[in-house]
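Let's take a walk through this protein together. Have the model open beside the text, and follow along from one element to the next.

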Amino acid sequence: MSEQKIKIECDNVSKLFHIPGQKQMLHVLDKVSLNVYKNEFLVILGPGQSGKTVLLNCIAGLIEPTAGEIRINGQCVTGPGPDRGMVFQQYALFPWKTVQHNVAFSLAMRGVPLNKRLDIADKYIEMVGLTGFEKAYPAQLSGGMKQRVGIARAYASNPEILLMDEPFGALDAQTRYAMEQELRKIWERDKRTVLFVTNNIEEAIYLGDRVVIMSSLPGSIKTEYSINIDSPRNYTDPTFLALRKQASDDTDLVL
C-alpha cells in the first residue's frame, strides 16, 4: 500500500461526548491515526461500543472530532460533501418513491435533468441486480433488495468514497452472505475507496483488502491485517480460516 495514493488521513483523531446529567465526558475515540488508500476496500472491525461508527461519521463530516484532524485528498474535512456517499444500517429509503427515484434522489437534489438522472439510476439499478424493480416501492422489497437500493443510490451520486455502516447487520444469515458476495463483485467492477464498518469477523475478512481492528471504548486502532486472498473468496479456504483465527484471537467478538 505504501506506493498507493493516500485518500483519507485520520491524524490523532479523538472524540468526547457530553452526557446530560453526568460530569465526566464520554471518551469514544482516542488518538486514532489511519491512512486509507485510493480504491482500497478497508474494513473497520470492532465490538459494540468501540467508536467505529463515530469514526465513520467523523470522516463523513457529520460530526466533528474533539481533537485531531481528518483530511481527504489532503484537504481538511469540515462537513459533508459530494465526494462521500453513505450507506446506513437502516435502509433510509423514501417509502413514497419508487426504486428508480430513490436511487436518483441525490442527482435530483443537484439539479440533474430528469431523463439523465433516471438513465444514471437505471445503470446502477442494473449493477446491483434489481432490473425489473425500477417502479417498485420499498414496501414491496425484501430487506436485501432495500439494501441494494441503498448501495445503488450511493454509487449513483458518483462519490470518490463510499462509507458503509454495518449495512448488512439486520439481514438474515443467507441474505447477508449473498449481499457480501454481491458487494465484493460490484466493488471489483467499479472501484471506489470503501470504508466498511462491521462487528462480524468473517464479513470483514471476506470483503476487505485490509482489516483494521478497534479496541473497546475509548476506541483506538488495536491491530490490522492485509487480506491477500484472491477472488472469488471462500469462507472455507485455509488462508481465510487462518486469518479468521488470528482476528478472533485479537478481539472478543463472536464468530
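**From confidence to core to pocket**

This is a predicted model, and its confidence is lowest in helix 8 (residues 238–250), with a mean of 89, and highest in strand 4 (residues 67–72), at 97. For the protein, the mean pLDDT is 91, and 97% of the residues reach 70 or more.

A good place to start is strand 8 (residues 193–198). Six of its six residues are buried, so the strand is largely enclosed by the rest of the structure. Look along it and you will find Thr193, Leu195 and Val197 pointing one way, while Val194, Phe196 and Thr198 point the other way; all are buried.

Which strands pair with strand 8? One is strand 3 (residues 41–45), which runs parallel to strand 8 and is joined to it by five bridges. Here Ile44 stands opposite Val197. Strand 7 (residues 161–165) also pairs with strand 8 in the parallel sense, again over five bridges, and Asp165 has Val197 as its bridge partner. To trace the connection, follow strand 7 into helix 6 (residues 173–189) and on to strand 8: together they make a right-handed β-α-β unit.

Now turn to the largest pocket, which holds about 520 Å³ of space. Its lining consists of 18 residues, and Arg84, Gly85, Met86, Ser106 and Ser157 lie nearest the centre. Strand 6 (84–87), helix 3 (105–109) and helix 5 (143–156) each contribute at least two lining residues. By character, the lining divides into 10 nonpolar, five polar and three charged residues.

Definitions and conventions:
Residues are numbered from 1 along each chain as its sequence is written. This is a predicted model: local features need pLDDT of at least 70, side-chain atom pairs count only at pLDDT 80 or more; totals for chains, interfaces and linings use all residues. Side-chain values use heavy atoms; hydrogens and water are left out. pLDDT is the predictor's confidence in each residue, from 0 to 100. Helices (H or I, at least four residues) and strands (E, at least two) are DSSP runs, numbered from the N terminus. On a 1 Å grid over the protein atoms alone, a cavity is a set of points where a 1.4 Å probe fits but cannot get out, and a pocket is an open set with protein on both sides within 12 Å along at least five of seven lines; lining residues have an atom within 4 Å of a point. Grid points are joined across faces, edges and corners, and a volume is the space filled by probe spheres set on the points. Ala, Val, Leu, Ile, Met, Phe, Trp, Tyr, Cys and Pro count as nonpolar, Asp, Glu, Lys and Arg as charged, and the others, Gly among them, as polar. Buried means under 20% relative accessible area, exposed over 50%, partly exposed in between (1.4 Å probe, protein chains only). Two strands pair if DSSP finds at least two bridges between them. A crossover is right-handed if, with the strands pointing away from the viewer, the path from the first strand over the helix to the second runs clockwise.
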